[in-house]
Amino acid sequence: AVRKLSALLFGEAPDTPAPLVKSVVKPKTSLLTGEANESLKKTAKFYQNILNEIWHQSHGNAIMYENGTMSQFLGGCYFKYEYAPPELRPDLRIPIIVKKLIPDFVMPIWNTEDEFELNEAWIVYRISKVAAKREYGLELGSTFANYVEHWTKKSYSVHIEGKPLKARYHTPYGEHVIDYSEQENPFGFVPIIYIPRLREGNFYGSSMVPDIAALTLEFNGRFADVGTLVHKLADRQWFGKNISGNPRP
């Protein structure tokens with residue numbers, strides 16, 4: 001059921017790296033004429049191309065479909081914007097990528113007047129010793145460690161095992177060190193957004209699982225009846241009475 005609803009959500013989509021849902025930017029029209037001048041149209045087209053390029057270089061096709069699938073039973077999904085320094089990602093035309101976040105790992109503090117805006121957020125999960133070494137150049141004493149990322153509108157920080165992360169990256173330009181103890185937020189807002197499947201008076205969206213529980217039980221019951229009927233018809237026994245002679249089966 002989840003896969004069917006996810007397929008209906010996006011419809012027919014080509015199997016390409018392009019995002020399943022393309023961004024469309026429309027210029028603001030005049031309140032008097034209801035039209036926009038050519039300069040505003042060109043600017044809107046420019047921003048539209050930027051947004052679609054960011055989605056394309058972020059593997060938008062894959063993360064959109066995965067989030068669309070998970071949101072059916074988790075009730076919603078998270079997207080996160082991330083600045084990618086040109087020193088670390090020289091392959092990107094625009095130094096911004098979009099990532100998906102598993103809702104179980106995000107602890108949000110949202111704006112009560114606008115639930116699509118976060119005032120603060122924590123991202124908490126466990127990383128392995130191997131991942132810490134390969135991704136951040138960090139040596140861990142234990143097999144796993146707690147990764148904690150904290151965002152406000154003004155700053156963000158990353159801690160591993162309670163210590164500020166000082167990541168070492170090897171680039172074509174040499175070793176690059178970034179101190180994540182208290183970095184300035186380059187966006188000016190918390191770059192995380194939660195998209196609910198169906199919001200019903202709460203920040204978190206509603207899962208489809210409770211709605212289909214009774215339907216699934218009914219379907220299973222009817223399917224079991226069909227199995228019982230087939231079994232009885234396929235394994236029939238024959239009986240007879242008042243038969244003379246030697247009957248052959």
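**Exercise 1.** In this predicted model, classify Asn49 by its relative accessibility and state which element holds Asn49.

*Solution.* Step 1: the relative accessibility of Asn49 is 43%. Step 2: buried requires under 20% and exposed over 50%, with partly exposed in between. Step 3: Asn49 therefore counts as partly exposed. Step 4: Asn49 belongs to helix H2. Step 5: a relation across the sequence can be added, since Ser23 is 26 residues from Asn49 along the chain, and the C-alpha atoms of the two are 8.3 Å apart.

**Exercise 2.** Compare the reach of H2 with its expected span, then describe the two ends of H2 and its buried residues.

*Solution.* Step 1: H2 contains 20 residues. Step 2: at 1.5 Å a residue, 28 Å is expected, and the reach from first to last C-alpha is 29 Å, close to that value. Step 3: at the start of H2, the backbone nitrogen of Ser39 has a side-chain oxygen of Asn37 within 3.2 Å. Step 4: after H2 comes His59, with a positive phi near 60°. Step 5: the buried residues in H2 are Ala44, Gln48, Asn52, Ile54, Trp55 and Gln57. Step 6: H3, S1 and S2 are included in what covers them.

**Exercise 3.** Carry out the span comparison for H3, and state what its buried residues pack against.

*Solution.* Step 1: H3 has 15 residues, for which 21 Å is expected at 1.5 Å a residue. Step 2: the C-alpha to C-alpha reach is 20 Å, close to expectation. Step 3: buried residues in H3 include Gly60, Asn61, Ile63, Met64 and Asn67; Gly68, Thr69, Met70, Ser71 and Gln72 are buried as well. Step 4: the packing partners of these buried residues are H1, H2, S1 and S2. Step 5: Gly75 follows H3 and has a positive phi, near 95°.

**Exercise 4.** Describe the largest pocket by volume, by central residues, by contributing elements and by residue class.

*Solution.* Step 1: the volume is about 1000 Å³. Step 2: 36 residues line this pocket, and Lys80, Glu82, Ile97, Lys99 and Tyr136 are the closest to its centre. Step 3: at least two lining residues come from each of S1, S2, S4, H4, S5, S6 and S8. Step 4: S2 gives the most to this lining, namely five residues. Step 5: by class, the lining has 23 nonpolar, six polar and seven charged residues.

**Exercise 5.** Describe the second largest pocket in the corresponding terms.

*Solution.* Step 1: its space amounts to about 550 Å³. Step 2: there are 25 lining residues, and the closest to the centre are Trp55, Met64, Phe79, Ile193 and Ile195. Step 3: two or more lining residues come from each of H1, H2, H3, S1, S2 and S11. Step 4: the lining splits into 19 nonpolar, five polar and one charged.

**Exercise 6.** Is Lys80 buried or exposed, and which side chain makes a polar contact with that of Lys80?

*Solution.* Step 1: Lys80 lies in strand S1. Step 2: its relative accessible area is 3%, and the limit for buried is under 20%, so Lys80 is buried. Step 3: the side chain of Glu149 forms a polar contact of 2.5 Å with that of Lys80. Step 4: leaving out residues up to four places away in sequence, Lys80 touches Ile97, Val98, Lys99, Leu101, Ile123, Glu149, Trp151, Pro191 and Ile192. Step 5: Ile97 and Lys99, both in that list, also appear with Lys80 among the residues closest to the centre of the largest pocket.

Notes. Residues are numbered from 1 along each chain as its sequence is written. This is a predicted model: local features need pLDDT of at least 70, side-chain atom pairs count only at pLDDT 80 or more; totals for chains, interfaces and linings use all residues. Side-chain values use heavy atoms; hydrogens and water are left out. On a 1 Å grid over the protein atoms alone, a cavity is a set of points where a 1.4 Å probe fits but cannot get out, and a pocket is an open set with protein on both sides within 12 Å along at least five of seven lines; lining residues have an atom within 4 Å of a point. Grid points are joined across faces, edges and corners, and a volume is the space filled by probe spheres set on the points. Helices (H or I, at least four residues) and strands (E, at least two) are DSSP runs, numbered from the N terminus. Ala, Val, Leu, Ile, Met, Phe, Trp, Tyr, Cys and Pro count as nonpolar, Asp, Glu, Lys and Arg as charged, and the others, Gly among them, as polar. Buried means under 20% relative accessible area, exposed over 50%, partly exposed in between (1.4 Å probe, protein chains only). A polar contact is a pair of N or O atoms within 3.5 Å; within protein, one must be able to donate a hydrogen and the other to accept it, and residues adjacent in sequence count only if both atoms are side-chain atoms. Contact means heavy atoms within 4.5 Å. The expected span of a helix is 1.5 Å times one less than its number of residues.
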